[in-house]
Amino acid sequence: MKSLGSFRRKFAPWNDPEAKPFIAVENVTKRFGDFTAVDDLSLNIYNREFFALLGASGCGKSTLLRMLAGFETPTSGRILIDGQDMSGIPPYKRPVNMMFQSYALFPHMTVEGNIAFGLKQDGMPKNEIEARVAEMLKLVKLEQFAKRKPHQLSGGQRQRVALARCVAKRPKVLLLDEPLGALDKKLREETQFELMDLQMKLGLTFVVVTHDQEEAMTMSDRIAVMDKGKVKQVATPAEVYEAPNSKFVADFIGNVNMFEGTAAAVEKGKIDIDVATDKMTIRTEATRDCSVGQTVGFAIRPEKIRISRKEPANSSVNTAYGELYDIAYFGDMTVFHVRLENGRIIKAASLNAVRTVEDPLGYEDMVWVNFDTDAGILLTA
Amino acid sequence: MNTTWSRFNIASLVLGFAFLYLPIVLLVIYSFNESRLVTVWAGFSTKWYVSLFHNQAFIDAAWVTIRVGLISATFATILGTLGALAMTRYTRFRGRMLFSAMIYAPLVMPEVITGLSLLLLFVAIGLDRGILTVTLAHITFSMCFVAVVVQSRLVTFDRSLEEAAMDLGATPVTTFFKVTLPVILPAVVSGWMLAFTLSLDDLVISSFTSGPGATTLPMRIYSQVRLGVTPEINAACTILIAIVAVGVIIASIANKRREVNRARDEQAAARN
């Protein structure tokens, strides 16, 4: 598996201006009556990429996936797969296969029959079909279930049959609609890594639709965060989390404390934000252009905020004082809700790295929260 | 669950069943009557069954009925299934409400009206009345029933099965025959059986639309009864009842067995 890791480490075709996208979505709009599901959306997905479309339900991610598969026709714009314009090409002639959220296994066929279905449509010789089916069963570790019908399988087994069925034809692109949505948490976590390894081994391009951000962060090379039919940001999981480009993305991914204030001073690459409502001054790196007097946003993740009973050294900036209002203990970490004088809650998380802590923080303790100048994100959108 | 039977429960059960089955039981008993008089019991005999099988008119009528039933049920099933598919698939066309209401209307339409209008149509286009017109008439009224039965199955049909088939390279036609039809087959089969039974016992519409040489069994029985009830008719009816009863029992046993097997399989699947 070492080779996979080194491949993943170097994989970043989106930074290469020479690289040609494998799937190009060009200004695609899809309307259902008055409702615009996908709004003038453009997107490039590269060969062998594990690409996630992430968004709340109704953001248009599934519609986009269905347009890639050919079940919906764009109202305007076009989609190219491997350089070929897909307009007017029906689903059964596209070089893509889709794994459905409901798995859509044919209930009247055995596991074998399900996997062989696509191969039969291609007119593959019988002995080759048998060999390919056997190979697929081995790949998803279902050899002894070949003769079973879908209703005789557990949820996890069904999911693997669905996967085997859509990779059996060796498509160029695999589309996965909430592939792990129906599995329980533990199985889902295992299956995430199985999917990643499978994608690497087969060298396929995966486009996965999910509403589960952890799933998207774990599996994908890049994530497209979608809202109201538009792509808000396309970036690697780390970039989306650490450098969101807008308040929406910052708020959508993970936990965040949001501030809004006026830019008071900009100098030497730093910016001071006057947060009047919380009587706080935030000093952060001026990663975006902004002028004095402009209203700006600031986002900071809970795990980047320190919490203590003692007043921090430089308490004139990036510091607030309040009452410990709520404690959420997760085992691996604890999230503290600190209530400021004006009632505002600031979330601060700390890792429980040692088993016992002397004098732990308790409810109603008065605490200081404080963070570094490079810990948060300046937002102007 | 309450397993004790109150006297009231028993009484209402007996009364209900008596109301339903007493006439049929009487009919079956008197079909084994020795006497020619239907209402006077004169000992057990199967002679009316023997004489029934020597009655050429009855045999002919039975043969006509079966032929009309098989052909009309088959065509009604094809047309009704297509109609149901259209009604469930194209949900966004103008006047869909009117269309679906029109599918249901013949179910409640008085048979006399259906029969009469068909008769007028056949006369207008100059079609000689006979086995063809009866069959056509039976297709007309029974396809609505098939459409309703199949439609109720299609409403719960998971469209992603068809999409999956097409995604795997199957053309729409292949998808229909390899995926859609096998999945909805139980509904199509029960639609066919419903159409067949409807055709089997239809009297009114048949009377309007049939002609010489196309007398169906219900028509034969009805005309015979007008000349006086003979135990032969009782025997014919008993055979009909037996056929229907056996059919119903086989269907429900098969259904029950399938359910039990399925429940057992699902439990087994959940365990491993």
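**Exercise 1. Which residues of S9(A) point one way, and which the other way?**

Solution. Step 1: sort the side chains of S9(A) by direction. Arg222(A), Ala224(A) and Met226(A) point one way, while Ile223(A), Val225(A) and Asp227(A) point the other way.

Step 2: assign burial. A residue is buried if 20 or more other C-beta atoms lie within 10 Å of its own, exposed if 12 or fewer, and partly exposed in between, with C-beta atoms placed from the backbone. On both sides of S9(A), all of these residues are buried.

Step 3: conclude for the strand, where strands (E, at least two residues) and helices (H or I, at least four) are DSSP runs numbered from the N terminus. Because 6 of the 6 residues of strand S9 (residues 222-227) of chain A are buried, S9(A) is largely enclosed by the rest of the structure.

The model is predicted: local features need pLDDT of at least 70, side-chain atom pairs count only at pLDDT 80 or more, and totals for chains, interfaces and linings use all residues. Residues are numbered from 1 along each chain as its sequence is written, and chains are lettered from A and ligands numbered from 1 in the order in which they are written.

**Exercise 2. Identify the strands that pair with S9(A), and give a bridge partner in each case**.

Solution. Step 1: state the criterion. Two strands pair if DSSP finds at least two bridges between them.

Step 2: take the parallel case. Strand S3 (residues 50-54) of chain A runs parallel to S9(A) and is joined to it by 4 bridges. Leu54(A) has Val225(A) as its bridge partner in S9(A).

Step 3: take the antiparallel case. Between S9(A) and S10(A) there are 5 bridges, in the antiparallel sense. Here Val225(A) stands opposite Gln233(A) in S10(A).

Step 4: examine the turn. S9(A) and S10(A) form a hairpin with 2 residues between them, and Lys228(A) in this turn has a positive phi of about 50°.

**Exercise 3. Place S9(A) in its sheet and describe the edges**.

Solution. Step 1: write the order. The sheet is open, has 6 strands and runs S6-S7-S8-S3-S9-S10 (chain A), with mixed pairing.

Step 2: find the edges. Strand S6 (96-99) and strand S10 (230-235) of chain A each pair on one side only. From one strand to the next the twist averages 20°.

Step 3: follow the S6(A) edge. S6(A) pairs with strand S7 (residues 173-177) of chain A in the parallel sense over 4 bridges. Leu174(A) in S7(A) is the bridge partner of Asn97(A).

Step 4: add the helix. Helix H5 (residues 155-167) of chain A packs on the sheet and touches S6 and S7 of chain A. Its direction makes about 175° with that of S6(A); axes are lines fitted to C-alpha atoms, for helices over the stretch in contact, and angles run from 0 to 180 degrees between N-to-C directions.

**Exercise 4. Describe the sheet of 5 strands in chain A**.

Solution. Step 1: this open sheet has the order S15-S19-S16-S17-S18 (chain A) and antiparallel pairing.

Step 2: its edge strands are strand S15 (306-308) and strand S18 (345-351) of chain A. The twist averages 45° from one strand to the next.

Step 3: S15(A) and strand S19 (residues 366-370) of chain A run antiparallel and are joined by 3 bridges. Across this pair, Ser308(A) stands opposite Trp368(A) in S19(A).

**Exercise 5. How many residues of domain 1 of chain A are in contact with domain 2 of chain A?**

Solution. Step 1: set the bounds, which come from an automatic or database domain assignment. Domain 1 of chain A covers 2-95 + 171-248, and domain 2 covers 255-379. Their centres, taken over C-alpha atoms, are separated by 34 Å.

Step 2: count contacts, meaning residue pairs whose C-beta atoms, placed from the backbone, lie within 7 Å. 4 residues of domain 1 of chain A are in contact with 5 residues of domain 2 of chain A.

**Exercise 6. How many residues does the contact take from chain B and from chain A?**

Solution. Step 1: the contact takes 22 residues from chain B and 21 residues from chain A.

Step 2: locate the chain B side. Helix H7 (159-167), helix H8 (172-201) and helix H11 (231-271) of chain B each supply at least two of its residues.

Step 3: classify. Ala, Val, Leu, Ile, Met, Phe, Trp, Tyr, Cys and Pro count as nonpolar, Asp, Glu, Lys and Arg as charged, and the others, Gly among them, as polar. The side of chain B that touches chain A has 11 nonpolar, 5 polar and 6 charged residues.

How values were computed:
Two residues are in contact if their C-beta atoms, placed from the backbone, lie within 7 Å.
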